[in-house]
Protein chains: 2
Amino acid sequence: MARIEDIAKKLNISKGTVSKALNGAPDVSETLRKSVLETAVELGYSRSMRKRGAKKLCLFIENMGYSAPSDFGYDIVIGFRKAAEPAGFEVCCVPLDAQTQKNYPYDEYMLQHNYTAAFFLGLSLADVWLHQLQTSHTPAVLLDNYIRANPFTCYVGVDNNEGMDLAVAYLKNMGHRKIGFLSGGLGSYINQIRYRAFFHALRKNDLPDDHTLAGSDYFFSECLQKHLPSLLHQKATAIICAHDLLAHTLIIRCRELGLRVPDDLSIVGFDDLPLCDYTSPPLTTIRQDRTQLGKSAFYALSSLLNSVPISTLLLHAQLVVRQSTGTAPGKVPVLQVR
Amino acid sequence: MARIEDIAKKLNISKGTVSKALNGAPDVSETLRKSVLETAVELGYSRSMRKRGAKKLCLFIENMGYSAPSDFGYDIVIGFRKAAEPAGFEVCCVPLDAQTQKNYPYDEYMLQHNYTAAFFLGLSLADVWLHQLQTSHTPAVLLDNYIRANPFTCYVGVDNNEGMDLAVAYLKNMGHRKIGFLSGGLGSYINQIRYRAFFHALRKNDLPDDHTLAGSDYFFSECLQKHLPSLLHQKATAIICAHDLLAHTLIIRCRELGLRVPDDLSIVGFDDLPLCDYTSPPLTTIRQDRTQLGKSAFYALSSLLNSVPISTLLLHAQLVVRQSTGTAPGKVPVLQVR
């Protein structure tokens, strides 16, 4: 892996000049600075190799709220900072957009801003930086995104297979045999994973894994409009949603249609957002502990910084039963799940 | 979660007596001690709740060598100790057998020996304790074994999907279209996982996932006897083995049959045991870094001890290309993989 010496040698300049350029000293021209940054990236130099000084971590956030306690990202950010700051790291939260990704190559951005490593929340599969992360040498942890075969990156998330399996097994025990699934668009890794996890859970619980039982769309309202009639037509007695917000929209739609939840239709969400306690009825959901996810992300990052090439770190999922689910119409539960 | 007070209350004895019984004091009768241990287990009390004193971790080993550097378990044990001991833990290595598992319920064994938490190497799906671990409250990390929905347990291993995908993609680039797979018996979780990972990798690389391409048997020699003729009959030009030792046996069998490796058949192993450098030809394999696996196991255990319910921790796999693989007979490589 490259050191400052290697950059200096390649450009035939002094180590001091390289160091000044990397640290943004005012007496280095913008052209030289750019050329040092590019050479550093080309040679695979990253800030994580610096031994001295406070280390800055960048927490990039996209497609996700994080400023209010009801936002999905809020507890994750707090969990991450709770673990990182006592360990001597400075954490900078940076909202990310497509323009920044277009303007700056990822590795150059990290070097230029003196970031040692990154934690990404909410990247979509279409993001330019997601592709650049495949070959980056800057340690990065991604919530709900997986990069294959790059030892500098790690995927952190909840155990979606376990969560979906808990939900399907619980519904089956409550007498449900025809269970549907609704999700947001499949242009996000996490939606693809949950989609597969749903069918995996059906097979594991010996229920038919008919593909017409699942529907997805980027917009929640269109998702319901397109797929709910078909699920009801197939006589689904329960629907699992890939997100609590989608489940909440579904509860409201059921009320409009005169369907009783859970008497006519049981509804399960995913994530356990604060709103689950306040929907009507309160929402049964699969919990991912977001504070612990944030902490785990720091542990994973800290492993990568110590050259332990973690690829995947998953947290146990938990089924939280509230009032949006009940026994299937006309059935008696086979076995109560705690 | 239960405390010493709760055990005392339930048995109507003093906290001091409970404490003495748990710590094996000589002035507590064997009958009372047994009853305290059983109540402790029933109430979910575990040593991990003790705040004071040195903490002892138990590293259970079964079905696996670990005393010589050439043994699979050797580096894992060293990696685990390298991470645990500087953090103030005492590590006891305990060879495990069926009789011990029959004689002592797992949680009682852990309490009785004052172990805070456990790391398991080599448990098979038939092991009695594997079932008891489903409901245990004693933090435990398992190499290559997964327990569903118990927040006190974590599965640690290599990213088998990634490893198998790297091997299949590499072989495809070398012109191979018919790739076989051989493994030990499917009574072990890791063999099941690698079996599935093989077919997952075939599909991901747009190769037909015909189930006759895979064969397994507990005994290596019988595995080859049963399945090699069929693979050769199907004109497989490459075979991936779930273990290096099986791949080594396959190389020897090929020599007996007059098949040249890699000219007639390419062979890939899994694990990167020290022997891979010394087989003839040296063995291309999928590497799992065993020292890092050991270290990761401690990080996972330490997370569980801090109530961060990690379910799964996987390390990146790496393809190590040696001389047992080459271009498919009559083919030119499409693209060289680094």
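Hi everyone, let's begin with how the two chains of this predicted model relate. Chain B superposes on chain A by a rotation of 180° with 0.0 Å of shift along the axis, at an RMSD of 0.0 Å; the fit is by least squares on C-alpha atoms of residues with pLDDT of at least 70 in both copies. The two copies are therefore related as by a two-fold rotation axis. Which residue of chain B comes closest to the rotation axis? That is B:L313, with its C-alpha at 2.3 Å. Both copies use the same surface, as 100% of the contact residues of chain B recur in chain A, where contact means heavy atoms within 4.5 Å.

A quick word on conventions: residues are numbered from 1 along each chain as its sequence is written, and chains are lettered from A in the order in which they are written. Local features need pLDDT of at least 70, side-chain atom pairs count only at pLDDT 80 or more, and totals for chains, interfaces and linings use all residues, while side-chain values use heavy atoms, leaving out hydrogens and water.

Now to helix α8 of chain A, residues 160-173 (helices are DSSP runs of H or I, at least four residues, numbered from the N terminus). Of its 14 residues, 12 are buried, meaning under 20% relative accessible area with a 1.4 Å probe, protein chains only. Among them are A:M164, A:L166 and A:Y170. After α8(A) comes A:G175, with a positive phi near 95°.

Over in chain B, the buried residues of α9(B) include B:I193, B:F198 and B:F199. What do they pack against? Their partners include α8 (160-173) and β5 (153-158) of chain B, strands being DSSP runs of E, at least two residues. Following α9(B) is B:D206, whose phi is positive, near 55°.

Conventions:
The expected span of a helix is 1.5 Å times one less than its number of residues. Buried means under 20% relative accessible area, exposed over 50%, partly exposed in between (1.4 Å probe, protein chains only).
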